[in-house]
Amino acid sequence: MPRFHCSVPLTAGASLALPPGAARHVQVLRMQPGDTLTLFDGAGGEYAATVERMGRSEVAVTVGDHTPVEREAARAVHLAVGMPANERMDWLVEKATELGVTSIQPLATAHGVLRLSGERAEKKRAHWEAIAVAACEQCGRNRVPVIHPVQSFAGWLGSAAAADTAATRLVLSLADGTRAVTAVAAETPTAQPALVLSGPEGGLSATEEQDAIARGFAPATLGARVLRAETAALAALVSLVGA
């Protein structure tokens, strides 16, 4: 059954016009009045709905019963990533959403190729948020991960988010003697959230890695192979999310 995200709060029994993106998708699918679909607003659970009216650019639906189903990962995992360039960040957001990430913090780092600020950065954030919404529609999640505004590495490292002592904080590292992410996952309860810091192409600079360690991030490894920036973040996520 088609699933669509609604940016407005949903209530059983309400009639409403679908957001433009969802309405276009319904029209592309050639759905007709009486056809059924699933809606979610990100607040938890999902709603059955029925197409009530099809206009040239508007689709009206009647919202049915709420089902309190959740498909979230066992552990809340937050990714702070040095932004990889071009479509690789898009791919990372999409796949991380499917795998169950709770939030993504895009970072401007010393070795990063992608440089964003001001209006361009906000447009990119909105673009990544739309990718996350589409991934939730596809994979069955009813809670959309938070895509935070782009921050500089130094600015973020000094923020409250990076200093959250309730989370297991890891920085992906190629240094010898670091512990495996899988070992950390096995030793920490799934009720404890995790915050993973991962670099862009070329990784974090030596200064950035040392600054993160000084702020309480434990260096962690994904093994002997050197992974691409987007692959490394996703591999750490898979190791930590649980079922």
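At 29% relative accessibility, Cys139 counts as partly exposed. In this predicted model, Cys139 takes part in no disulfide, and the nearest cysteine sulfur, that of Cys136, is 5.3 Å away. A disulfide is a covalent bond between the sulfur atoms of two cysteines. For the sulfur atoms to count as such a pair, they must lie within 2.5 Å, so the 5.3 Å between the sulfurs of Cys139 and Cys136 does not qualify. The structure as a whole holds zero disulfides. Cys6 is likewise in no disulfide, and the nearest cysteine sulfur, again that of Cys136, is 14 Å away. Cys6 is buried, with a relative accessible area of 0%.

It helps to step back and look at the whole chain. Seven helices and 13 strands make up its list of elements. Along the principal axes, the C-alpha trace spans about 60 × 40 × 30 Å. Of the 243 residues, 44% count as buried. Among contacts between residues at least 6 apart in sequence, 74% join residues at least 24 apart.

Val59 offers a friendly example of such a contact. This residue is found in strand 5 (residues 59-67) and, at 0% relative accessibility, counts as buried. Val59 and Val26 are 33 residues apart in sequence, yet their C-alpha atoms are 7.7 Å apart in space. Leaving aside neighbours within four places in sequence, the contacts of Val59 include Leu16, Ala17, Leu18 and Ala23, along with Val26 itself. Gln27, Val51, Arg53 and Met54 are also in contact with Val59.

Strand 10 (residues 168-172) comes next. Five of its five residues are buried, so strand 10 is largely enclosed by the rest of the structure. In a regular strand the side chains alternate between the two faces of the sheet. Here both faces are covered: Thr168, Leu170 and Leu172 are buried on one side, while Arg169 and Val171 are buried on the other. Strand 10 also has strand partners. With strand 12 (residues 194-198), strand 10 pairs in the parallel sense over four bridges. Three bridges join strand 10 to strand 13 (residues 218-221), and these two strands run parallel as well. Val171 can be followed into both pairings, since its bridge partner is Leu197 in strand 12 and Pro219 in strand 13.

Strand 10 is also among the elements that cover the buried residues of helix 7. The others include strand 6 (77-82), helix 2 (87-99), helix 5 (181-187) and strand 12. Helix 7 itself covers residues 229-241, and at 1.5 Å a residue its 13 residues should span 18 Å; the end C-alpha atoms are 19 Å apart, which agrees. An α-helix has 3.6 residues a turn, so residues three or four places apart point the same way. The buried residues of helix 7 are Ala229, Glu230, Ala232, Ala233, Leu234, Ala236, Leu237, Leu240 and Val241. Just after the helix, Gly242 takes a positive phi of about 80°.

Helix 7 appears once more at the largest pocket, which holds about 360 Å³ of space. The pocket is lined by 21 residues, and those nearest its centre are Leu172, Leu174, Gly203, Leu227 and Ala232. Strand 13 and helix 7 are the elements that give two or more residues to this lining. Two of the central residues have already been met: Leu172 is buried in strand 10, and Ala232 is buried in helix 7.

Methods
Residues numbered from 1 in each chain as written. Predicted model: local features only at pLDDT ≥ 70, side-chain atom pairs only at ≥ 80, totals over all residues. Heavy atoms only, no water. Buried < 20%, exposed > 50% of the residue type's maximum accessible area, 1.4 Å probe, protein only. Pairing = 2+ DSSP bridges. Expected span 1.5 Å × (residues − 1). Contact = heavy atoms within 4.5 Å. 1 Å grid on protein atoms, 1.4 Å probe; cavity = no way out; pocket = protein on both sides within 12 Å on 5 of 7 lines; lining within 4 Å. Points joined across faces, edges and corners; volume = space filled by probe spheres on them.
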